[in-house]
Amino acid sequence: MSEIHPADTRRICIDASYICFKYYHRVTEHTENVLEVRGMVHPLPDLSPPTFVICFLCGLRDEAYFRWRTIYEKPKMRWTQQHYEQFETQGFLFVPGLFATEELLRLNEITPELLLGDDLLDGMHRERERGGAVRQVYLAHRHSPPFKALSEDARIVDPVKQILDSEIYIWHSKINVKDAFEGTVWLWHQDYGYWMWDGVEPKLVSVMVLLDEATINNGCLLVAAGTHKWGRLEHEADERTTSYKQWCVDREILKERLTEAMIQPVIGKPGDVLFFDCNLLHGSGHNMSPLPRKTFIVAYNDLTNRPRPVENVRPDWVVSRKFEAVSGS
Ligand code: SIN
Ligand code: MN
């Protein structure tokens, strides 16, 4: 058994953030009996009010015996009017450091297991590259508690509700994986390019949380600023480029309308988050780097925007039929 040394801030930091994340909703109830103080101050990311979680760890780590006291206020995502205006103008908003790196540790710890899992056993749905590597894992928000917590976090949910001016439910979620050297492209598309055929209005917003560092070399997402204002473009199915049938915008339309100046790479660190409109044109290149690129994307739909009956009803993993409001704060 090893005792946590007060100077071992990194280790304490990891443990503390895990506690904060795991017991996020219960943390204020545990305020009694601080026996011994070996703590850290864990500042929450930008855009939160000046809030601190102070964790006091007592006893021996291997017995997992923790007590803590908190001076705590549930972190809130506070967008200013300017943030909403930026979202409206560009069709997206990038928020660096919305989640602390430590909050992502638990997710990154369990992700390899999720990738190896079996659809029949765990209820999730996986898509693969031609070479066999997992390209996407759908439904982690239902079957994996840490991903569920992330998809319901107020820092994401509150601004999405504000943007859509409504209650919301989860349309779908996916862990998008681009393995080193193997992860392949996403052709230019608007998410609503296909979602229209699912029988809904364009009242959806997606949120992408970076799980790995995203770089030009490992195929970071590319967004084309302002293109959501074009409305929905005609899409066609591409079944040749990757293992996955992709609905993408015709190249002739792209040549006419898309300019180099509009394209912005979404480069960032784990915990950075991109909010984007369902009509925003986006795509990404092949992963040419030795580093993987994983993201968690959750799409939220206006609760009143339930799919109308359509000819081609897609499965529940991609068009959810769980119309449960996600409340946020
Ligand atoms: C998507 O548009 O769903 C995927 C884009 C990406 O992962 O690069
Ligand atoms: Mn997309």
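**Exercise 1.** Find the bridge partner of Ser206 in strand 13 of this predicted model, and place the pair in its strands.

*Solution.* Begin at Ser206, whose bridge partner in strand 13 is Phe276. Then widen the view to the two strands, which are DSSP runs of E with at least two residues, numbered from the N terminus, just as helices are runs of H or I with at least four. Strand 8 (residues 204-210) and strand 13 (residues 273-277) run antiparallel and are joined by five bridges, where two strands pair if DSSP finds at least two bridges between them.

**Exercise 2.** Work out the order of the seven-stranded open sheet, and explain why one side of strand 3 and of strand 4 is left without a neighbour.

*Solution.* The order reads 3-13-8-15-6-5-4, with antiparallel pairing. Strand 3 (92-95) and strand 4 (125-128) stand at the edges, and because each has a single partner strand, one side of each lacks a neighbour in the sheet.

**Exercise 3.** Identify the strands that helix 7 touches.

*Solution.* Helix 7 (residues 154-164) packs on the sheet and touches strand 6 (168-178), strand 8, strand 13 and strand 15 (293-302), contact meaning heavy atoms within 4.5 Å. The direction of helix 7 makes about 155° with that of strand 8, the angle running from 0 to 180 degrees between N-to-C directions of axes fitted to C-alpha atoms, for helices over the stretch in contact.

**Exercise 4.** State how many helices and strands the chain has.

*Solution.* Counting along the chain gives nine helices and 15 strands.

**Conventions.** Residues are numbered from 1 along each chain as its sequence is written. Local features in this predicted model need pLDDT of at least 70.

How values were computed:
Chains lettered and ligands numbered in written order. Predicted model: local features only at pLDDT ≥ 70, side-chain atom pairs only at ≥ 80, totals over all residues. Heavy atoms only, no water.
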